[in-house]
Amino acid sequence: MRIGDFDFYRELLIGKSGLVLTPDKCYLLDSRLTPVAKKWGYPSLDAMTIALRGVADRKLVTDVVEAMTTNETSFFRDKRPFELFEKHVLPYLAKTRASKRSIRIWCAASSSGQEPYSLGMILKENDRMFPGWRFDIHATDISNEILDHARAGLYTQFEVQRGLPIQLLLKYFTQQGEKWQLSDAVRKMVRFENFNLLESLKPLGQFDVVFCRNVLIYFDEKTKRKVLEGITEILAPDGFLFLGGAETVLGITDRFKPMPNQRGLYVLSGSGHSLDTPGTSGQSSPLAQTRVSP
Ligand SMILES: C[S@@+](CC[C@H](N)C(=O)[O-])C[C@H]1O[C@@H](n2cnc3c(N)ncnc32)[C@H](O)[C@@H]1O
């Protein structure tokens, strides 16, 4: 690919999605955009690039951005954030949201759905703590294709083998040929919507918990700060933010502080949180159960 074309795609991606394309990722342009060029009937990637430089079809631009996203995810990814959610955050919310009996959770870059559905299964497993409560798990992503996958709730053997305890597989999924279909009961707990993190977050409303995991790593510092500060405006004053293992607020914004000894969990600065509440559900943790073996 020509240097000028690389610069063109770098500007396009950062402007439309915040994704930073570094020169060492140049090969991704060829491998991911050649199929897009083919789908759109261009004889080559160069021909598509020429078209994009002109008055490009907006749908083509969308397809290019979607193709450049990395959708890597898994059920209960990294395990620990989901343990913290179940053992610390949920008991806290059970107490503090008892009068309104509702909890709102936002998965800010939900990919193919494993993250919000993992939260849905945890809520189901702990439903004795929440009689008659309303849960809203709002899951968003910039990619329509990945959102379609998420909404279907249909996963391959490979996907369910990654992080999903076997007891939860047997309880919430049914086998359909070579795939596994998530139950309607869990699927209905999650509302999927296309949303670009570069937009204003305010229209989404207020959330008790935000999972914004493994997406800030793809952004530059300015965009990370903008997203994190946007989250301060939609998070309840005593709400919780989960970031990915390679992500932090440190050196980016002081509006959040990390919870001591709770890696990946952040609260608003000045919220006065101390999360030492033990789990109170009396039910065994789904995460303590055996993983699906390959
Ligand atoms: C690596 S996945 C992370 C999935 C999940 N949160 C996890 O931790 O397993 C990153 C997701 O961020 C989405 N994404 C990238 N840029 C985005 C943006 N500007 N707005 C919303 N989603 C974006 C991608 O489409 C992709 O599905």
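The ligand occupies the largest pocket. The model is predicted. The protein buries nearly the whole ligand surface, as the contacts and coverage below show.

**Ligand shell**
- The ligand is surrounded by 21 residues.
- Ser17, Thr73, Ala109, Asp141 and Asn214 are the closest of these.
- By class, the shell around the ligand holds 8 nonpolar, 8 polar and 5 charged residues.

**Polar contacts of the ligand**
- Leucine 197 places a polar backbone atom 2.9 Å from a nitrogen atom of the ligand.
- Asparagine 196 contributes through its side chain: one of its N or O atoms there is 3.0 Å from a ligand nitrogen atom.
- Isoleucine 142 has a backbone N or O atom 3.3 Å from a nitrogen atom of the ligand.
- On its own, the ligand has 600 Å² of accessible area, and the protein covers 99% of that.

**Largest pocket**
- The largest pocket contains about 360 Å³ of space.
- Its lining is made up of 25 residues.
- Thr70, Ala109, Asp141, Asn214 and Val215 are the lining residues closest to the pocket centre.
- The lining of the largest pocket splits into 10 nonpolar, 10 polar and 5 charged residues.

**Shared residues**
- Ala109, Asp141 and Asn214 are among the residues closest to the ligand, and they are also among those closest to the centre of the largest pocket.

Conventions. Residues are numbered from 1 along each chain as its sequence is written. This is a predicted model: local features need pLDDT of at least 70, side-chain atom pairs count only at pLDDT 80 or more; totals for chains, interfaces and linings use all residues. Side-chain values use heavy atoms; hydrogens and water are left out. A residue is near a molecule or strand if one of its heavy atoms lies within 4 Å of it. A polar contact is a pair of N or O atoms within 3.5 Å; within protein, one must be able to donate a hydrogen and the other to accept it, and residues adjacent in sequence count only if both atoms are side-chain atoms. Accessible areas come from the Shrake-Rupley method with a 1.4 Å probe; for residues, only the protein chains shown count as cover. On a 1 Å grid over the protein atoms alone, a cavity is a set of points where a 1.4 Å probe fits but cannot get out, and a pocket is an open set with protein on both sides within 12 Å along at least five of seven lines; lining residues have an atom within 4 Å of a point. A molecule sits in a cavity or pocket if more than half of its atoms lie within 2 Å of its grid points. Ala, Val, Leu, Ile, Met, Phe, Trp, Tyr, Cys and Pro count as nonpolar, Asp, Glu, Lys and Arg as charged, and the others, Gly among them, as polar. Grid points are joined across faces, edges and corners, and a volume is the space filled by probe spheres set on the points.
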